[in-house]
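Student: I would like a close look at a single part of this model, and I would prefer one connected explanation to a list of values. Could you start from one aromatic side chain, follow its surroundings, and then place that part within the whole chain?

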Amino acid sequence: MCSVRWANLLIDMDEARRLPGYREPAVVRTFDAPEAMDVRFYEVRAKSALNRVPERSRMPFRWTINPFRGCTHACSYCLGGDTRILMADGRTKTLSDVEVGDEIYGTIRDGRYRRYVTTRVLAHWSTVKAAHRVTLEDGTEIIASGDHRFLSHRGWKHVTGTQHGPDRRPHLTANDELLGTGGFVSSADASPDYRRGYLCGLIRGDGHIGSYSYAPVGGRARHVHMFRLALTDFEALKRARDYLDEVGLATSRRLFQAATALHRRVDAISTGERAKVDRIKE
């Protein structure tokens, strides 16, 4: 045989081609493997495949091998890093701050309807590519890649079409109406006044705080100083305890099962010291 299927992969076959944004010559590769269909690979000459790990890194090694740049994710559905994402706890995060393992809200089709469900983030990466600004009627602006899809009343639509004619993919137009939660409300400023008000609301609404005395028959008078805040909303309890810790009021923590048919776990913070109870009253 005078040739084999790999003959077109010689380094000098396509030396003149260049990777966009890369000054050195690059060889363009394409493969017939199913997982690589429609993917263009650029082979470049690298000065080194070794990368030094920053000294402040917690990794147990100081060097890594990086044989390639980019990935076959192709980052089809990309949004600007400052896009707000609705988390499972009702708060929002910028997309750049979302981490693998975070729980966020998504949607799922259930029969004829679509409903919200919580889902876990499996991967997170960043890329640099051409982007488009999508402006909604309520003033919301979203930066997205042309391949990103949005859910409309008429199904999923890309930001842009790929070609003209009857085979052009569904894409957004000025008449489309998107489905979603709408604009997010800005979170409250976590100022000292706000945090004191938050703690006050918890105590007045679902807590026990106070000092009292009683005298058992034939015994000495007893003085009780009590503060206990028990909730199944662990986020609210954590906020309260963090604030108390910051102002120097260390409290004890308990976990127990609520006496209900659901047997929900209850978390509590409490103290029985008079000075702390008086300080919390203030």
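**An aromatic pair and its setting**

Tutor: Tyr105 has a relative accessibility of 35%, and therefore counts as partly exposed. Please keep in mind throughout that this is a predicted model. With ring centres required to lie within 6.5 Å, the protein has three aromatic pairs. One of them joins Tyr105 to Tyr116, with 6.4 Å from centre to centre and 85 degrees between the ring planes, an edge-to-face arrangement. Because Tyr105 belongs to strand E7 (residues 103-110) and Tyr116 to strand E8 (residues 113-120), the pair ties together parts of the chain that are 11 residues apart in sequence. The partner ring is not buried either: Tyr116, at 43% relative accessibility, counts as partly exposed.

The next residue to consider is Val117, which is also found in strand E8. Its relative accessible area is 22%, so Val117 is classed as partly exposed, given that a buried residue must fall under 20%. Leaving aside residues up to four places away in sequence, Val117 touches Ile104, Tyr105, Gly106, Thr107 and Ile108, and Tyr105, the starting point of this account, is thus among its contacts. For Val117 and Gly106 the C-alpha to C-alpha distance is 5.4 Å, while their separation in sequence is 11 residues.

Further along strand E8 comes Thr119. Thr119 is partly exposed, because its relative accessibility is 37%. With residues up to four places away in sequence again left out, the contacts of Thr119 are Asp102, Glu103, Ile104 and Gly106. Gly101 lies 18 residues from Thr119 in sequence, and the two C-alpha atoms are 9.4 Å apart.

A buried strand residue offers a useful contrast. His158 lies in strand E12 (residues 155-158), and it counts as buried because its relative accessible area is 16%. Not counting residues up to four places away in sequence, His158 touches Gly146, Asp147, His148 and Arg149, and also Arg169, Pro170, His171 and Leu172.

To place these strands within the whole chain, note that the protein has three helices and 16 strands. Of its 282 residues, 22% count as buried, and the exposed area amounts to about 21,600 Å², of which carbon and sulfur atoms supply 52%. Among contacts with a separation of 6 or more, 36% are accounted for by residues 24 or more positions apart.

The largest nonpolar core has 15 residues, and those with the most contacts inside it are Phe227, Leu229, Leu244 and Ile269. Two or more residues of this core come from each of helix H1 (192-206), strand E14 (222-231), helix H2 (234-246) and helix H3 (274-281). The greatest contribution is that of H2, with five residues. There is also a second, separate core of six residues, including Ile142, Ala144, Phe150 and Leu172, and Leu172 appears as well among the residues that His158 touches.

Since H2 gives the most to the largest core, it deserves a closer description. H2 has 13 residues and reaches 18 Å from its first C-alpha to its last, close to the 18 Å expected at 1.5 Å a residue. Its buried residues are Ala236, Leu237, Ala240, Tyr243 and Leu244. Viewed down the axis of H2, these buried residues fall within an arc of 130 degrees, so they line one face of the helix. Lys238 and Glu246, on the other side of H2, are exposed. After H2 comes Gly248, which has a positive phi near 85 degrees.

H3 can be read in a similar way, starting from its buried residues, which are Lys276, Val277 and Ile280. These residues cover an arc of only 100 degrees around the axis, which puts them on the same side of H3. Arg274 and Ala275 are exposed on the other side of H3.

To return to the part you asked about, Tyr105 and Tyr116 form an edge-to-face pair, and the pair ties E7 to E8. Val117 in strand E8 also touches Tyr105. Tyr105, Tyr116, Val117 and Thr119 are each partly exposed.

Technical notes. Residues numbered from 1 in each chain as written. Predicted model: local features only at pLDDT ≥ 70, side-chain atom pairs only at ≥ 80, totals over all residues. Heavy atoms only, no water. Core = buried A, V, L, I, M, F, W, Y, C linked by side-chain atoms within 4.5 Å. Buried < 20%, exposed > 50% of the residue type's maximum accessible area, 1.4 Å probe, protein only. Helix = DSSP H or I, 4+ residues; strand = E, 2+ residues; numbered from the N terminus. Contact = heavy atoms within 4.5 Å. Areas by Shrake-Rupley, 256 points an atom, 1.4 Å probe, with all protein chains shown as cover. Expected span 1.5 Å × (residues − 1). Arc of directions from axis to C-beta. Phe/Tyr/Trp six-rings, centres within 6.5 Å; stacked < 30°, edge-to-face > 60°.
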